[in-house]
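Welcome! Here is a short guided tour for anyone opening this structure for the first time.

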Amino acid sequence: MYPDAILKAWRQIISPPFRRILWRSLALTLALIFLVWLALTRGVALLMDRYALLVDYPLIDSFALVFAGIGIFIALAFLIPPISALVAGYFLDDAAEMVERAHYPADPPGRPLSFGKSILYGLRFAGLSLMVNAIALVLLFVPGVNLVAFFGANAYLLGREYFELAAGRFQPMEEAAAMRHRNRGTVLLAGLVLAGFVAIPVVNLMTPLFGVAYMVHVHKKLAAREARAVAASGARSG
């Protein structure tokens, strides 16, 4: 989980050098949320227009509008993770480079993903997150399972994808996935931090940058730990 990495990531995303990326990230996230909200409200309006009962009985229409509004609000809360995933793919390299330069200046810098790969991985991440959160949304109505499903699913997915995006700047994506698998317990706990972050209203709008910054630190710590283990193993065998 690395509490120090959480603090470093949070301090950096609200620091002056990071603010330009932060405002761009927030603007894109809010724009995507607005487009989703527009699509959902338009869909509900078209659905309600098809039922004459709602037109003939204004009271029922009012209740339907209230419940539709609540439903849209809940749906948007569950759509924050896939939206943040899409934004993360776009801002990955800019954010990761700033974190590496500020905290790991002596280390070799990561290699930026191509624009096409960044968008491709962002779309894949968003698609997986949308599917997982759609299932979690259905399970919302199952007592005792809803919160476990939301946090468990997002801890696994956010941990896996953000870690592999950060690690992929230093090694092929196949090796990044293998490294994540070797350290799956630590990555899952780090993902739980992100799942908690994404559940906080308003703050969750900063998930893309926080997720990238946090996972850069997690990857660096795990890479250093594995390097020490290899060195120790070599010393023993020698």
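The sections below go through salt bridges, aromatic side chains, a surface patch and the record's annotations.

## Where to begin

Please keep in mind that this is a predicted model. A good place to start is with the charged side chains, since a search of the whole structure turns up 9 salt bridges.

## Salt bridges across the chain

Let us start with D4 and K221, whose side chains meet in a salt bridge at 2.8 Å, N to O. D4 belongs to helix α1 (residues 3-13) and K221 to helix α9 (residues 207-237), so this pair ties together parts that are 217 residues apart in sequence. D4 is partly exposed, with a relative accessible area of 33%. K221 also counts as partly exposed, at 22% relative accessibility.

Helix α9 also holds K220, which is joined to D107 in the loop between α4 and α5 (115-138), 113 residues apart. In this salt bridge the closest N and O atoms are 3.2 Å apart. How accessible are its two partners? K220 counts as buried at 12% relative accessibility, while D107 is partly exposed at 34%.

## A buried pair and its network

Next comes the salt bridge between R169 and E100, with the closest N and O atoms 2.9 Å apart. R169 sits in the loop between α6 (146-167) and α7 (173-182), and E100 in helix α4 (residues 58-103), so to speak a link between distant parts of the chain, 69 residues apart. Both R169 and E100 are buried. Through shared partners, salt bridges join D93, E100 and R169 into one network.

## Aromatic side chains

K221 appears again here: it lies over the face of Y2, at 5.4 Å from the ring centre. Elsewhere, ring pairs link W10, F197, F210 and Y214 into a cluster. The count of aromatic pairs comes to 4.

## A nonpolar patch on the surface

Which residues form a nonpolar patch on the surface? They are F34, L35, W37 and L38, and together they have about 400 Å² of accessible area. W37 is located in helix α2 (residues 19-49). With a relative accessible area of 37%, W37 is partly exposed.

## What the record adds

An unreviewed UniProt entry places the feature "transmembrane region" at residues 21-40, 63-92, 121-142 and 187-216. In the model, residues 21-40 are 100% helix and 0% strand, and the end C-alpha atoms of this span lie 28 Å apart. Residues 187-216 are 73% helix and 0% strand, with end C-alpha atoms 12 Å apart.

Key
Residues are numbered from 1 along each chain as its sequence is written. This is a predicted model: local features need pLDDT of at least 70, side-chain atom pairs count only at pLDDT 80 or more; totals for chains, interfaces and linings use all residues. Side-chain values use heavy atoms; hydrogens and water are left out. Rings of Phe, Tyr and Trp (its six-membered ring) pair if their centres lie within 6.5 Å; planes under 30 degrees apart count as stacked, over 60 as edge-to-face and the rest as tilted. A charge sits over a ring if NZ of Lys or CZ of Arg is within 6 Å of the ring centre and within 35 degrees of the ring normal. Patches are made of residues with over 30% relative accessible area and no salt bridge: like charges are joined within 9 Å, nonpolar side chains (Val, Leu, Ile, Met, Phe, Trp, Tyr) within 5 Å. Accessible areas come from the Shrake-Rupley method with a 1.4 Å probe; for residues, only the protein chains shown count as cover. A salt bridge is a side-chain nitrogen of Lys or Arg within 4 Å of a carboxyl oxygen of Asp or Glu. Helices (H or I, at least four residues) and strands (E, at least two) are DSSP runs, numbered from the N terminus. Buried means under 20% relative accessible area, exposed over 50%, partly exposed in between (1.4 Å probe, protein chains only). UniProt positions are given in the numbering used here, feature names are shortened, and annotations may be inferred rather than shown by experiment.
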